[in-house]
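This report goes through the inner space, the ligand surroundings and the aromatic pairs of one structure. The sequence and the model come next.

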Amino acid sequence: MAVEAFSEIAAARRIQRLSSHISPALTEPPQLQTEACSSRSKKLVVNGQALSLYMKGKHRDIQEKVHEFYNSRPDLQTPLEISKEDHRELCMRQLYALVREAGIRPFRYVADDPAKYFAIMEAVGSVDMSFGIKMGVQYSLWGGSVINLGTKKHRDKYFDGIDNLDYLGCFAMTELHHGSNVQGLQTTATFDPITDEFVINTPHDGAIKWWIGNAAVHGKFATVFARLILPTHDTKGVSDMGVHAFIVPIRDMKTHQTLPGVEIQDCGQKVGLNGVDNGALRFRSVRIPRDNLLNRFGDVSRDGKYTSSLPTINKRFGATLGELVGGRVALAYSSVGVLKVSATIAIRYSLLRQQFGPPKQPEVSILDYQSQQHKLMPMLASTYAYHFATVYLVEKYSEMKKTNDEQLVADVHALSAGLKSYITSYTAKSLSVCREACGGHGYAAVNRFGSLRNDHDIFQTFEGDNTVLLQQVAADLLKRYQEKFRGGTLTVTWSYLRESMSSYLAQPNPVTARWEGEDHLRDPKFQLDAFRYRTSRLLQSVAMRLKKHSKTLGTFGAWNRCLNHLLTLAESHIESVILAKFIEAVRNCPDPSARAGLKLVCDLYALDRIWNDIGTYRNVDYVAPNKAKAIHKLAEYLSFQVRNVAKELVDAFELPDHVTRAPIAMQADAYAQYTQVVGF
Ligand SMILES: Cc1cc2nc3c(=O)[nH]c(=O)nc-3n(C[C@H](O)[C@H](O)[C@H](O)COP(=O)(O)OP(=O)(O)OC[C@H]3O[C@@H](n4cnc5c(N)ncnc54)[C@H](O)[C@@H]3O)c2cc1C
């Protein structure tokens, strides 16, 4: 087909599609009336424009710039079918083009304006998730480790090269035998006082650095995490100072040949993210100058003396890892972006798709089926909830970067661990639900669920395995619980525990346990109280169990005996934080119609979660049987209400067409587009 003819058809389609947005009634199938809604006839109207304005982050402009740039460059778009090798080269080209052609310099924002950096990362990830991760490896991991763990001399020497991509680098922490347990790493960096160098060594196969992004093909440097070994004058001869970070050149700057003593292997084809070149690194007595120790938290003098402002190995280790939380914030934020895309595709398709219907009447939209609403509407509500929670996380992280306030550091550490694990797990599950909700067409690669699912899946594991991270949240809560009983203060985020622990732990009120009116169930106070009550009880009961079991099993054994309980506690706490931030966002929304839309999804989020855990509430008579039924009924009704404004709610995400580029998401002419994909 001639190019002009093709573009005319495309333009006509576009107009048709736009017109459907203006007058959706013309294209939307008739709605099935359900019994649940017949008693409440008032239909909610949501001002989509006001809502998207409220949702719009302050860095939407830079995202639009990224989208426009890649839309104008078909040569930089990732085709559906591509080999691993080509995909890696394409991702590299995509990154070069961002920095050297579009003139966007993400590294400048890593420290100074993290919110802008995360916005760029989300936009870049929508071009190709491999590209987003490749950018994250270069700037958050390799670059971030240099500027956050190093000092001025490192910044002066490396900043420009990292920024302009001359110095492509890796973040080499994980080893074959140790991933989550970073303190167990075995690679060594032994100080040689004669030559004033560190000698980097892989003592055995289990210590080979594994899964290292940028290592297989493109990296020139690596930040290598290794045990710092210093010679001593006692009988032991050496002293192990714990894990530290070192800059190690791995390839020649001019020839790109692997440097002597460094061995690199390719980690091979992965389930997803094949545009990222993950590799394995082995070091055989590789010598680096003493200056290459990233020495913000600990240094070695010319004569081999160790100095640090932090008193213990554990404190130094905590401070080192604490500087790396930016990666988790980025993953939580990007995961919400993925959830928005997949929910949008599935909901738009469900509005369009018609199957069955009452006798002798037109077929109905599949989103009119209660089961489809049950799958997708609480998910849409959760997407809104996580949007506001991660916006809050980014704000707190940016504040922490500016102030370095100790309390805020602890807060952001636990909050980023909790939100990263909770949201990425939810998104991973939702991708399968969305695929299934779109039937057979959801299985076509062009409709994106396959690549989204495969690429996103590992978000649950890297930057900290989710199960391990949730334990950090639980440990943090327990620490603060103990502090409370020692008369200490509780941090800002968790202050609800301070304020209300005792009232939550009193016996449930038998009167309110029976209140089942809609006003009461939709009252934010009831909802937050219910979430916080659950967290407080879980916290108190697990603290008692740990105390009891540690007498016989020791601390490690007791923790393991209570592990599932601890994970439930962490999730419950994170849900409380998410709901609190959502309620705040609803209150602060200036437009009444947008606020009404947000209030609807916020209520659905809260009641759906309470219903999901109704057993817990019933067990302690926090809700009476009839109240439990009322919660369920209301959640179903709210799902139906959300269905009625689902189009406005997904449109308010303002995702550009190319981001949701699945043909089944294009409302008006989906089938036309879709048939074209297979060549009709
Ligand atoms: C595509 C990809 C890219 C990566 N990029 C990098 C990179 O650039 N740099 C880098 O350094 N690393 C990288 N990694 C490594 C990644 O960070 C690790 O895989 C991750 O930290 C988990 O470690 P692990 O694989 O050893 O899992 P393990 O720690 O062995 O975990 C396996 C299972 O055991 C469970 N488990 C482990 N410990 C506990 C516990 N205490 N309690 C309960 N359950 C537990 C986990 O929940 C998990 O289900 C990458 C990995 C992949 C797959």
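## Cavities

The largest cavity holds about 130 Å³ of space. A cavity here is a set of points on a 1 Å grid over the protein atoms alone where a 1.4 Å probe fits but cannot get out, and its volume is the space filled by probe spheres set on the points, which are joined across faces, edges and corners. The count of cavities of 30 Å³ or more is 5.

This is a predicted model, in which local features need pLDDT of at least 70 and side-chain atom pairs count only at pLDDT 80 or more, while totals for chains, interfaces and linings use all residues. Residues are numbered from 1 along each chain as its sequence is written, and side-chain values use heavy atoms, with hydrogens and water left out.

The lining of the largest cavity has 14 residues, and Val110, Ser140, Gly326, Gly327 and Tyr397 lie nearest its centre; lining residues have an atom within 4 Å of a point. Two or more lining residues come from each of helix 7 (114-127), helix 8 (129-149), helix 11 (326-352) and helix 12 (370-403). Helices (H or I, at least four residues) and strands (E, at least two) are DSSP runs numbered from the N terminus. Helix 8 gives the most to this lining, with 4 residues.

## The ligand

Around the ligand are 18 residues, and the closest are Phe171, Thr174, Ser180, Trp211 and Asp465; a residue counts as near if one of its heavy atoms lies within 4 Å. Strand 4 (209-212) and helix 15 (466-485) each supply at least two residues of this shell, and helix 15 gives the most, with 3 residues.

The table gives polar contacts of the ligand (pairs of N or O atoms within 3.5 Å).

| Ligand atom | Protein partner | Distance |
|---|---|---|
| oxygen | methionine 173, polar backbone atom | 3.0 Å |
| nitrogen | tryptophan 211, polar backbone atom | 2.9 Å |
| nitrogen | glutamine 471, side-chain N or O atom | 2.9 Å |

## Aromatic pairs

The whole structure has 26 aromatic pairs, which are rings of Phe, Tyr and Trp (its six-membered ring) with centres within 6.5 Å. The rings of tryptophan 142 and phenylalanine 221 have centres 5.5 Å apart and planes at 10°, so this pair is stacked (planes under 30 degrees apart). Tryptophan 142 lies in helix 8 and phenylalanine 221 in strand 5 (residues 221-231), so the pair ties together parts 79 residues apart in sequence.

How values were computed
On a 1 Å grid over the protein atoms alone, a cavity is a set of points where a 1.4 Å probe fits but cannot get out, and a pocket is an open set with protein on both sides within 12 Å along at least five of seven lines; lining residues have an atom within 4 Å of a point. A polar contact is a pair of N or O atoms within 3.5 Å; within protein, one must be able to donate a hydrogen and the other to accept it, and residues adjacent in sequence count only if both atoms are side-chain atoms. Rings of Phe, Tyr and Trp (its six-membered ring) pair if their centres lie within 6.5 Å; planes under 30 degrees apart count as stacked, over 60 as edge-to-face and the rest as tilted.
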